[in-house]
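Colleague: I am new to reading protein models, and I would like to go through one with you, feature by feature. Could we take each idea in general before we look at the case itself?

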Amino acid sequence: MRYRLPLAASAASLPPADLPGLDPAHSRLIDVPESGTTGARKWHLLDNAATLSAIGAAPVGTILCVHGNPTWSYLWRRLVSRATDAATAGEEAWRVIAVDQLDMGYSERTGQRRPLARRVRDLSDLTDALALDGPVVTFGHDWGGVVSLGWAVDHPESLAGVMLLNTAVHQPEDTPIPAPLRLALRPSVLGAATVATPAFLETTLALAHPPLQQEVKDAYRAPYRDASRRGGIGAFVADIPVDANHESAAELERIAEGIRELKLPTLLLWGPRDPIFSDRYLDDLIDRMPHADVHRFEGAGHLLAEDVDYSAAALAWVRDREEDPADGTPPATTEAASPPLWHYLDELGDSSDIALIEMAPRSGGAPRRVSWRSLSGRVRQIAAGLASIGVEKGDRVSLLVPPGADLTAVLYACLRIGAIVVVADAGLGLKGLTRAVRGARPDYVIGAPPGLAAARVLGWPGIRISTARYRATAAAALQVSHSLAELVELGRGAPLPPAPTTQDTAAVLFTSGSTGPAKGVVYTHAQLSAVRDALAAQYGVGVGTGLVAGFAPFALLGPALGARSITPDMNVTSPKSLTAASVAAAVAEAGDGSVVFLSPAALANVVATTDALTRTDRKRLGGVRTFLSAGAPVAEVLLAAAAELMPMAIPHTPYGMTEALLIADITLDGIREAASAEANAAGGVCVGAAIGTTRIRISALDDTGNATGEPSAAPGVTGEIVISAPHLKNHYDRLSLTDRESRRGTPLGERWHRTGDVGHLDASGRLWVEGRLGHLIGTADGVVTPVGPEQRIETIAEVARAAVVGIGPWGTSHLVAVVETVPAARRVSLASMALAAGVRGSVPLSVAAVLVVPRLPTDIRHNSKIDRAALAVWAGAILEGGRMTRP
Amino acid sequence: MRVLVTGASGMLGRAVAAQIAHARHDVRTFQRRPSGVSGVTDLLGSMTVPPDVARAVAGSDAIVHLAARVSLAGTAAEFEEVNVEGMRTLLAAAAHEGVGRLVVVSSPSVAHAGTSIVGDDARPADPAGARGHYARTKAEAELLALSADSPSLRVVVVRPHLVWGPGDTQLVARVVERARTGRLPLLGHGAALIDSTYVDNAATAIKAALERVDTVHGRSFVVTNGEPRPVVELLAGMCIAAGVKPPAWRVPAGAARAAGSAIEALWRLAPGADEPPMTRFLAEQLSTAHWFDQRRTRAELGWSPTVTLDEGFRRLAVWYGKEDSSPLFARGSTLGLEPSG
């Protein structure tokens, strides 16, 4: 870039005293001798040192903040205030210095170009002038991130950590720089866009989600009111190294490589909705600093500092570092190593016994049977094939393949070579799936045609591998690089790479997203093996067991268990499509003593379709030894109806979640026994006792509905359910803050997880689930959990299902019951006086109103979970006098 | 303690006078008609006649001031004369006589600007924002009284919301009469949550305020049953207690608010009655939520309601001689409303 920008020199000044959120007491001007010259430069910066000194707080360290282009230190105002407030409140004191880079904000307009290397030296000059010594945590945004990293690389003696908001340090040669910057960089555009007009500034300010308030925008504009003040903005853009010949390319490369050596605590806070610094730059940073704590704020963008409360997150993080200098990620399990997930594929590799049966293969026709020998060979070939096209241990592979033999083979092939499988459920919907896949940044996508088409259209990242063979033109159109058949060919006779260790990451499984955006849950190989071991021990599944999987996740575990997996005839994305006859047909293939896994929705349809069963079907179902309904609690009556269908089977309902697939378990008899025992007043659904290797604790709720109690096994206390198990997740993917919250208040050095579910333990050690943390109701008489009252209301004959929600402010909320009736209502209405009286009579709490709806809104994946938070908003609007809409 | 209760001929005034007398205080009442409360001394007179007021106040240790023009009709001057000037007269007399305590009975409408209220605590009285002569003059009176609060005259304000009970000539009698003649429409879908106050609860709250005035003076407290209910259930509860079929026809709330006059016509009493029509203010009251945060009230007054809504309806049924209908309020019955929607 040889464009000569107009750079006018002018002095530094203090910002206006009335900018929103900016305390003038923190503004100061300082003369800084300029290295390499005899002159000095005047800087404006925010600095809370004087305030800390005035209150007698000795700082434990300094956070050095560097803004990007075209913002100024105003970007960091919240961090300065929050750190000062915390120190005033007697908490650990952190000095925060937020600079205005020279030619930017209220610092001096130097009239000289300041390429990256100069800017890095400028920052050193400043910290020299401030006589700043350690510990220093740098914090940068945008190109300020690069400058701050440059300082970090040059000051290892004082550096204690590194924090970044959306920053890029490297432009891959094979990808163009972001379009907005490309445009701004055109010589014909650069001066006009950045200096002569405020276009670049305005474009940046428009990137906030939600939009910035007018006064805040004006504050950002304040130091850049006319062209003579904006020279630095243009110079900054011109300083982006578009190629290796650019004068700043070498310095950028020095920094980008230098940070690889920074083995210090690192926090990357990221807003993915950034047209400039997309997730690919986050990937690059993680690649250079793999130990970094990463948190992606779904929905936030380039102006992350305005979009989210980054300051609380950053301060909490630096404090954690003080308390626990080790990396925040908990140690992976060190339990006795369990054999790898694929060991039966090795052991049974010569067996002609059947490993997989698809009752209704997508290709049509008769059931597809795959022997262990065939499965084992296929897995080996695909694994070697993947390795031969360059898939390595630690690469992420997104699987967009519907459940079935292909998915099973690909899954075990990936596990075998240490590729990390990324699995998101189609139940997330296309939007949720896109968000999940983008967030997980797979290196490869293996998909069936619909998945690949979506990947193409929605621009999902990753090299694409198809399960189907395409003509060259179609493959090109879908940007498919390989087919599974090719991999098999490539893998025939090719060597397998070494197997991963038990501590290597095995999988990222996405949560259902029924409460907020889906989260990626990371498992190591040891942890996934522990999942298998927990299932095997709890349900006696092993070699020779027939496993009928009406709930897709369990079909995948069949080969790991040594069991024969049978996928019944059903639409896997719609559990409701499973009929009793399909189950009977699958059971016939499974043999006696089989285990049937179902979801609650599938179970309901199976019970509803028993009329179509033949005498033979019923006889077959009589051979089932165990059946499970997993995913959400089911009503006793439904489980009992299924038990009649499978009279020799013990019905179970496990309690678990994506983060720990099996925590507790209860049988039908157990449910009946629990029902006869008097639970505490809160009630709830009894999900049974912890399974062998799991520990369950309760973190008691306080008056504000927060689970602040120390996790305890004391019975009768309602609070958040906190769990620990060998098969618990390792951490959340790129959600460091969520991860931190999920471990809050649990013993250091152990792996615990706050479930977000609320319940209590009884005197027999059984767990009762009372609802979700987000669904608590803060009444004037105390906190109410919804499930207990809902169950009481559901005992009314006229009520099919009930949801209890709170309306009005926390602490003075009132209860509202929203019910589905028998027969179903055709429209939304207030309940009749009689029904309302019945509901009020059934619960020992005051119920303000009873609303009748045709159907309660329910999540797709489980077909059973009600979003009570959304329902509360809806009910609140009606009961405030608003229109009687559907929920 | 010698306590003067003004306005003791109304339903709430009588209950308050009886409550305080029951607590062995020497109670005198002041209003135009005999109070009908046993064990108290009636002093008859008018709030608009200062010598009457001065005579009543003389020798009192405390005053509970309920007397007000509450009707929904009348000119601004008529309301001001009783509610604002009456308060001024009372405050002057209290100061002159060295009365130490004053409980002013007000209304949540003094801080109500026509929007819904969902779990709010008492807000400051706002004459400029209040709707209608009644609310505006009560707001002015409340501000006058609170500005007179001092260590020598301790003033506390109690704002019961929608007081009802046996013998109520305001809300219950009107609702029942209109329902009896088939002229009681519901506004909107009738699901807006309304909190109300059974008369005995309002009376015990006022008595509690009197007893606690030394610690709570200078403040205002909204008082309710703390049991918000859909307005349709509240009205139906009153009708059923009186043995009258509850209303079943509806007027869109938007139309009611937009055309206050139309709804006023629908609610109008028999021709010639001096009582007012349904006003736009009442239309808003009955089609938007009105319920309150009672935590501060209960904690600071050391009070909580003793009569639940359902028990209140039962007592109302007894008063109407319709005890048969009482089971509805205890455990439900088939007698009910058609669902609205």
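The dialogue below takes up domains, a sheet, helix packing, burial, backbone details and the contact between chains.

Modeller: Before we begin, please keep in mind that this is a predicted model. Let us start with the overall layout, where chain A is divided into domain 1 (24-175 + 243-323), domain 2 (372-500), domain 3 (540-658), domain 4 (664-774) and domain 5 (777-879).

Colleague: What separates the centres of domain 1 and domain 5 of chain A?

Modeller: Taken over C-alpha atoms, the centres of domain 1 and domain 5 of chain A are 50 Å apart.

Colleague: How should I read a sheet, and which strands form the one with β33 of chain A?

Modeller: In general, strands of a sheet pair through backbone hydrogen bonds, and the pairing is either parallel or antiparallel. Here 4 strands of chain A form an open sheet with mixed pairing, and their order is β32-β33-β35-β34. The edge strands are β32 (799-807) and β34 (829-830) of chain A, each of which pairs on one side only.

Colleague: How many bridges join β33 to β35 in chain A?

Modeller: There are 5 bridges between β33 (residues 814-821) and β35 (residues 847-852) of chain A, and these two strands run parallel. To follow one bridge by eye, find A:Val816, whose partner in β35(A) is A:Ala849. You can also look for helix α31 (residues 868-879) of chain A, which lies across β32, β33 and β35 of chain A and runs at about 75° to β32(A).

Colleague: How do I describe two helices that pack together, and at what angle do α15 and α20 of chain A pack?

Modeller: Two packed helices are described by the angle between their axes and the distance between the axes. In this model, α15 (residues 372-388) and α20 (residues 484-491) of chain A pack at an angle of about 90°, and their axes are 7 Å apart. That angle makes α15(A) roughly perpendicular to α20(A). Among the residues that meet there are A:Ile382 and A:Leu386 from α15(A), together with A:Leu487 and A:Val488 from α20(A). The residues of this contact divide into 8 nonpolar, 4 polar and 2 charged.

Colleague: How is burial read for a whole helix, and how many residues of α24 of chain A are buried?

Modeller: The idea is to count how many other C-beta atoms lie within 10 Å of a residue's own, with 20 or more making the residue buried and 12 or fewer making it exposed. By that count, helix α24 (residues 600-608) of chain A is mostly covered, since 7 of its 9 residues are buried. The buried residues include A:Pro600, A:Leu603 and A:Val606. What covers them includes α23 (580-590), β20 (594-598), β21 (624-629) and α26 (636-645) of chain A.

Colleague: Is B:Val223 buried or exposed?

Modeller: B:Val223, which is found in strand β12 (residues 220-223) of chain B, is buried because 30 other C-beta atoms lie within 10 Å. Leaving aside its neighbours within four places in sequence, B:Val223 is in contact with residues that include B:Val158, B:Pro160, B:Ala205 and B:Thr297. For chain B as a whole, buried residues make up 56% of its 341 residues.

Colleague: Which backbone details should I look for, and where is A:Pro210 found?

Modeller: One detail is the cis peptide bond, and such a bond joins A:His209 and A:Pro210, with omega about -5°. A:Pro210 is found in the loop between α7 (199-205) and α8 (214-221) of chain A. The peptide bond from A:Val822 to A:Pro823 is cis as well, with omega near -5°, and A:Pro823 lies in the loop between β33 and β34 of chain A.

Colleague: What is phi of A:Asp142 near?

Modeller: Phi of A:Asp142 is near 60°, a positive value in a residue other than glycine. A:Asp142 lies in the loop between β5 (136-141) and α4 (143-154) of chain A, and this residue counts as buried because it has 27 C-beta neighbours inside 10 Å. B:Arg24 has a positive phi near 65°, but B:Arg24 counts as exposed because it has 9 C-beta neighbours inside 10 Å.

Colleague: Finally, how many residues of chain B are in contact with chain A?

Modeller: In this contact, 34 residues of chain B touch 27 residues of chain A. On the side of chain B, the largest share, 3 residues, comes from α7(B). The residues on that side divide into 13 nonpolar, 15 polar and 6 charged.

Technical notes:
Residues numbered from 1 in each chain as written. Chains lettered and ligands numbered in written order. Predicted model: local features only at pLDDT ≥ 70, side-chain atom pairs only at ≥ 80, totals over all residues. Pairing = 2+ DSSP bridges. Contact = placed C-beta atoms within 7 Å. Axes fitted to C-alpha atoms, helices over the stretch in contact; angles between N-to-C directions. Nonpolar A, V, L, I, M, F, W, Y, C, P; charged D, E, K, R; others polar. Domains from an automatic or database assignment. Parallel < 35°, antiparallel > 145°, perpendicular 65-115°, else oblique.
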